[in-house]
Amino acid sequence: MPTPHISANPGDFAPTVLMPGDPLRARHLAHTFLDSPRQVNAVRHMLAYTGTHAGQPVSVMGSGMGIPSISIYAEELFTQFGVERIIRIGSCGAVSPDLQLRDLVIGMGASTDSAVNRARFGGHDFAALASPSLLENVMQTAREQNTPVHIGNLFSTDLFYHPKNETLLTMLQSMGILAIEMEAAGLYGCAAACGKQALTICTVSDLIRQGERLSAEEREQGFDAMIQLALQSLPPQAS
Ligand code: HPA
């Protein structure tokens, strides 16, 4: 049944959904990497497609930017459309000096300045973690592909334009955070609350301290690398 934000029918979504932030990226990925993609949502132009990859059904949908946006879509997908796992494929800003532009970062966990997981968890601090099986699969695929990846703690911020950016980055680095983005902690909290699986893979698009960033074209190539890693890491009969 359609929900307030998704006008699809039962069975329109595959058990596995890949989520870039940008709905136009979702359209590009669906038409480039899925066989027989068909559009299953356009409410608020948050485009979603379902097709197949290597014979198994896969959906791709935009999440929008920030924890509130991804939380709405993830909750409706998990609770109303039979979705079992969401793999966010996004971009991030480097916190660790070991990261270079285009590097891939896998969010084993996600810290945050958002209050959403405290709201879910009686005011306590929830350790927002990726699903162990998705993490294991993607690490194994990365090794097989000889694709270098960094794995560790992300920081999901509510403020892209943070007024105390330098101080924040120094503190994040001192706690071993690899990179900053805006959705993973919300997605992981939602997946835990719904008893489902989630993972985040990000391309480093910004070296924040140096003021360097990928061009739009380079970001696109980064997205293609991530989706290939994500698709190849899916077990043959993910259901
Ligand atoms: N901050 C937050 N989110 C981001 C960034 C950043 O610098 N780069 C890409 N996503």
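This short talk covers the ligand site of a predicted model, followed by one helix and several individual residues.

Good morning. I shall begin with the ligand. Where does the ligand sit? The ligand occupies the largest pocket. The residues that surround the ligand are Ser-91, Cys-92, Gly-93, Phe-160, Ile-180, Glu-181, Met-182, Ser-205, Asp-206 and Ile-208. The protein buries 89% of the 260 Å² that the ligand exposes when taken alone.

Which strands each supply at least two residues of this shell? They are strand 5, residues 85-94, strand 8, residues 179-181, and strand 9, residues 197-207. Strand 5 gives the largest share, with three residues. Sorted by class, the shell holds five nonpolar, three polar and two charged residues.

Two distances to ligand nitrogen atoms deserve mention. For Asp-206, a polar side-chain atom lies 2.9 Å from a nitrogen atom of the ligand. For Gly-93, the atom concerned is a backbone N or O, and it lies 3.3 Å from a nitrogen atom of the ligand.

I turn next to Met-182, which belongs to the shell around the ligand. The C-alpha atom of Met-182 is 6.9 Å from that of Met-65, although 117 residues separate the two along the chain. Met-65 itself is found in the loop between strand 4 and helix 2, the latter spanning residues 67-80. Is Met-65 buried or exposed? Met-65 is exposed, because its relative accessible area is 76%, and the cut-off for exposed is over 50%.

Helix 6 comprises residues 184-194, and it is mostly covered, with eight of its 11 residues buried. The buried residues are Ala-184, Ala-185, Gly-186, Leu-187, Tyr-188, Gly-189, Cys-190 and Ala-191. After helix 6 comes Gly-195, which has a positive phi near 70°.

Positive phi values also occur in residues other than glycine. One of these is Ser-36, with phi near 50°. Ser-36 is part of strand 2, residues 35-41, and Ser-36 counts as exposed because its relative accessibility is 64%. Another is His-45, with phi near 60°. His-45 is placed in the loop between strand 2 and strand 3, where strand 3 covers residues 48-53. At 63% relative accessibility, His-45 also counts as exposed.

Let me now consider two buried residues. Thr-16 lies in strand 1, residues 16-19. Thr-16 counts as buried because its relative accessible area is 0%, the cut-off for buried being under 20%. Which residue does the side chain of Thr-16 join through a polar contact of 2.7 Å? The partner is the side chain of Arg-85. Thr-16 and Arg-85 are 69 residues apart along the chain, and their C-alpha atoms are separated by 5.1 Å.

The second buried residue is Ser-59, in strand 4, residues 56-61. With a relative accessibility of 0%, Ser-59 counts as buried. What separates the C-alpha atoms of Ser-59 and Gly-107? The separation is 21 Å, for two residues that are 48 apart along the chain.

To close, I return to the site. The ligand sits in the largest pocket, and Asp-206 places a polar side-chain atom 2.9 Å from one of the ligand's nitrogen atoms. Thank you for your attention.

How values were computed
Residues are numbered from 1 along each chain as its sequence is written. This is a predicted model: local features need pLDDT of at least 70, side-chain atom pairs count only at pLDDT 80 or more; totals for chains, interfaces and linings use all residues. Side-chain values use heavy atoms; hydrogens and water are left out. A residue is near a molecule or strand if one of its heavy atoms lies within 4 Å of it. A polar contact is a pair of N or O atoms within 3.5 Å; within protein, one must be able to donate a hydrogen and the other to accept it, and residues adjacent in sequence count only if both atoms are side-chain atoms. Accessible areas come from the Shrake-Rupley method with a 1.4 Å probe; for residues, only the protein chains shown count as cover. On a 1 Å grid over the protein atoms alone, a cavity is a set of points where a 1.4 Å probe fits but cannot get out, and a pocket is an open set with protein on both sides within 12 Å along at least five of seven lines; lining residues have an atom within 4 Å of a point. A molecule sits in a cavity or pocket if more than half of its atoms lie within 2 Å of its grid points. Helices (H or I, at least four residues) and strands (E, at least two) are DSSP runs, numbered from the N terminus. Ala, Val, Leu, Ile, Met, Phe, Trp, Tyr, Cys and Pro count as nonpolar, Asp, Glu, Lys and Arg as charged, and the others, Gly among them, as polar. Buried means under 20% relative accessible area, exposed over 50%, partly exposed in between (1.4 Å probe, protein chains only).
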